[in-house]
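Reader: Could you take me through this one and say what backs up each label?
Author: Sure, have a look first.

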Amino acid sequence: MPLERLDKVVSSVCEISRKDARSVIKCGQVVVDGVTVKDAAVRIDTETVKLTISGEDKTYKQFVYIMLNKPQGILSASNDRSRKTVVDLVKADFDRPGLFPVGRLDKDTTGLLIVTDDGDFGHKVISPKSFIEKEYIVLCDKPITDRDVKVLEQGVTLADGTPCRPAKVLVLSEDRMTVSIVITEGKYHEIKRMLGVVGAGVCQLHRKRIGGLTLDPTLNLGCYRELSVSDLCNLWK
Ligand code: URA
């Protein structure tokens, strides 16, 4: 039974500060299971509670899960002093404290990024122990030979001695410069450094899939939507 303080729930549901939530409660605008409650410290069961705020029925979501098609030039971070972050991008519709990107894509990488405020979920998705596949489409600066594919599929050792798990590699284009690479960890600059081992540079990098969750093709760069329950189930498949 997930019990939460009433002011926390009101603040989250109405996307207002805790201070403002306490004022709304104090004014008698909050009705919990048919009873007006003026005590902000009351703990409510967020799964079963019926909440009416200023006459409107509200549903409380403990966490949000957002799929973003990350554009180039945006930082995979929660906040930054001067640069725009992925959390800034979703703020217009999801103004919740504690939002963070699940794993990082480089500033110049595009594609699927999950933004959430569920820390346990985020850790589980990025943990190498989960063995969740991440699929990238890469445009390289040289053709990827069958030998390169073999080397990457055996698991390369990066220039600094870090070993990488075997990847799945598929050459997608006739000129052999566009490839799909699937990895199950998320080391710093992993794809770029792996390709560096076979002498290839990366011209474009795009993440297409995390586990069984594929980037929604209707989402243009910079666009996002909330993940459905079935999306979240697919992710673990
Ligand atoms: N590997 C990289 O090199 N960069 C990314 O953004 C993601 C994976």
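Author: Helices (H or I, at least four residues) and strands (E, at least two) are DSSP runs, numbered from the N terminus. By that count the protein chain has seven helices and 15 strands. This is a predicted model: local features need pLDDT of at least 70 and side-chain atom pairs 80 or more, while totals for chains, interfaces and linings use all residues. Residues are numbered from 1 along each chain as its sequence is written, and side-chain values use heavy atoms, with hydrogens and water left out.

Reader: What makes the protein chain more spread out than a compact globule?
Author: The globule rule is 2.2 Å times the number of residues to the power 0.38, and the radius of gyration is taken over C-alpha atoms. For 237 residues the rule gives 18 Å, but the chain comes out at 22 Å, well over that, so it is more spread out than a compact globule. Its C-alpha atoms fill a box of roughly 70 × 35 × 35 Å along the principal axes.

Reader: Which residues are around the ligand, then?
Author: A residue counts if one of its heavy atoms lies within 4 Å of the molecule. That gives L105, D106, T109, Y136, H189, E190, I191, K192 and L205. Helix α6 (residues 190-197) supplies the largest share, three residues.

Reader: Why is the T109 pair called a polar contact?
Author: A polar contact is a pair of N or O atoms within 3.5 Å. An N or O atom in the T109 side chain is 2.8 Å from a ligand oxygen, so the pair qualifies. Backbone N or O atoms do likewise: one of I191 is 3.1 Å from a ligand nitrogen, and one of K192 is 3.1 Å from a ligand oxygen. Taken alone the ligand exposes 240 Å², of which the protein buries 96% (Shrake-Rupley, 1.4 Å probe).

Reader: What is unusual to look at in the loops, say the phi of H189?
Author: H189 isn't a glycine, yet its phi is positive, near 55°. H189 sits in the loop between β12 (178-183) and α6. F131, also not a glycine, has a positive phi of about 55°, and lies in the loop between α4 (119-126) and β10 (134-140).

Technical notes:
Polar contact = N/O pair within 3.5 Å; in protein donor to acceptor, adjacent residues only side chain to side chain.
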